[in-house]
Amino acid sequence: MSEEMNSVEVKSFEVGEHVFGTVTKIEEKQVIVSVPDSKLDGIIPISELSSLHVEKAGDAVSEGEQLELVVTKVEEDALILSKRKVDAEKAWDQLQVKFEGGEIFNAEIKDVVKGGLVVDLGVRGFVPASLVESHFVEDFSDYKGRELSLKIVELDREKNRLILSHRAVIEEEKGKRKQAVIDSLEVGQVIEGTVQRITDFGAFVDIGGIDGLVHISQLSYEHVEKPSDVVEEGQKVQVKVLNVDRNHDRISLSIKETLPGPWANILEKAPKGSILEGTVRRIVPYGAFVELFPGVEGLVHISQISHKHIGTPNEVLKEGQVIKVKVLDVNEEEQRLSLSIKELEEKESEIPADYQMPEEAKGFQLGEMIGDQLKNLK
């Protein structure tokens, strides 16, 4: 019997050997464990409890807990063990699989340090500040204890280096939403969006995870000098899809196309015979185009410019000139307006060109002419 006991007592353990132990006592800077088939105490120094810094041993383990450990040193009266190394060995294998598969997983932020966040994944994982969010974060203090979805962006087992990113997860999810939106879009579709950014050439509108461009020419039927005169950031707008370039993720939108056309109700706005004020926009050899309403132009034919004979419209009109016109005809379907300037002018003579003077009037006129001549002779 004593021989059997002696054989147990002298059982050898080698460095690197895995053993199981039960926590029997927790001290401030170490943990005592009992190891089966050994009369030696097992000791886990506080530095070997976790891959992260531990202030008190009790923060990492509890009495009665069973642990898988690795022997780091064999002394005469104790086995020096490590929980950290066992956890790391298992963790690296699992992390390698996650890294190669691009897996997204959740982890609790254990600490906030200069330059980023720390997590415990069996090994110390670091999330650099630039990889936490897709936007700038000034203060990370409230991230401690929070759970974030993460992705491994760099793994080096030999250097014990594990770099994680929450930003990559955000961008990946954004990319999926973006693709889903693009796939669902159809030309002619009218949807609601939010103005995200305004530039000199238009406005970018968020239509559910992806931005589309409303060119300055598509903001309004009226002439627009600056997009900021028409829309503002954060504004909700209705937009019409003009074009979807799926190869380059470019979407062309229009606000103008969702608004009532400038020719809508033109018969009410410019009824035949009405007199309106407009601006000469273009002069052509056969007349002048006058803008009466934003996006609505009518033609004053050269024959309707003046009672006098004119060779070209430029003799009477110039671009930018504000004039009054009379509506001669309205064609809403073809979007045409016929206008006249001369209808509002007085004629030089009310006598028709083909008027024939009566004979008696001619005699009276001749008598007057002779009388005038006699007066002159005197």
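Q: Which strands form the closed barrel that runs 11-12-13-15-14, and how are they paired?
A: Strands 11, 12, 13, 15 and 14, in that order, make up a closed barrel of five strands with mixed pairing. Strands pair here if DSSP finds at least two bridges between them. Helices (H or I, at least four residues) and strands (E, at least two) are DSSP runs, numbered from the N terminus.

Q: What kind of model are we looking at?
A: This is a predicted model, in which local features need pLDDT of at least 70 and side-chain atom pairs count only at pLDDT 80 or more, while totals for chains, interfaces and linings use all residues. Residues are numbered from 1 along each chain as its sequence is written, and side-chain values use heavy atoms, with hydrogens and water left out.

Q: Back to that barrel. In what sense do strands 12 and 13 pair?
A: Strand 12 (residues 202–206) is antiparallel to strand 13 (residues 211–215), and five bridges link the two. One of the partnerships sets glycine 202 against histidine 215 of strand 13.

Q: And the barrel that runs 16-17-18-20-19: how many strands does it have?
A: That closed barrel has five strands, again with mixed pairing. Within this barrel, strand 16 covers residues 275–284 and strand 17 covers residues 287–293. The pair is antiparallel, with five bridges. Arginine 282 has phenylalanine 289, in strand 17, as its bridge partner.

Q: Stepping back, how many helices and strands does the chain have?
A: The protein chain contains five helices and 20 strands.

Q: How much of the chain is buried?
A: Of its 378 residues, 35% are buried, where buried means under 20% relative accessible area, exposed over 50% and partly exposed in between (1.4 Å probe, protein chains only).

Q: What share of the contacts joins residues 24 or more positions apart?
A: Such residues account for 58% of the contacts in the protein chain with a separation of 6 or more. Contact means heavy atoms within 4.5 Å.

Q: Let us turn to the strands nearer the start of the numbering. What does strand 1 pair with?
A: Strand 1 (residues 18–26) is joined to strand 4 (residues 66–74) by five bridges, and the two run antiparallel. Valine 19 is bridged to leucine 69 of strand 4.

Q: Which strand forms a hairpin with strand 4?
A: Strand 5 does, with three residues between the two strands. Strand 5 spans residues 78–82 and runs antiparallel to strand 4, with four bridges joining them. Lysine 73 is matched with isoleucine 80 of strand 5, and valine 71 stands opposite leucine 81 in strand 5.

Q: Does strand 3 run parallel or antiparallel to strand 5?
A: Strand 3 (residues 41–45) runs parallel to strand 5, through three bridges. There, glycine 42 has leucine 79 of strand 5 as its bridge partner.

Q: How many residues of strand 5 are buried?
A: Five of its five residues are buried, and strand 5 is thus mostly covered.

Q: Which way do they point?
A: Ala78, Ile80 and Ser82 face one way from the strand, whereas Leu79 and Leu81 face the other way. Both groups are buried.

Q: Where does leucine 67 lie?
A: Leucine 67 is part of strand 4, the strand that bridges to strand 1 and also to strand 5.

Q: Why does leucine 67 count as buried?
A: Leucine 67 counts as buried because its relative accessibility is 4%.

Q: What is leucine 67 in contact with, leaving aside neighbours within four places in sequence?
A: Its contacts are Val19, Phe20, Gly21, Val23, Ile44, Val61 and Lys83. Among them, Val19 is the strand 1 residue whose bridge partner in strand 4 is leucine 69.

Q: What separates the C-alpha atoms of leucine 67 and valine 86?
A: The separation between those two C-alpha atoms is 9.5 Å, and the residues are 19 apart along the chain.
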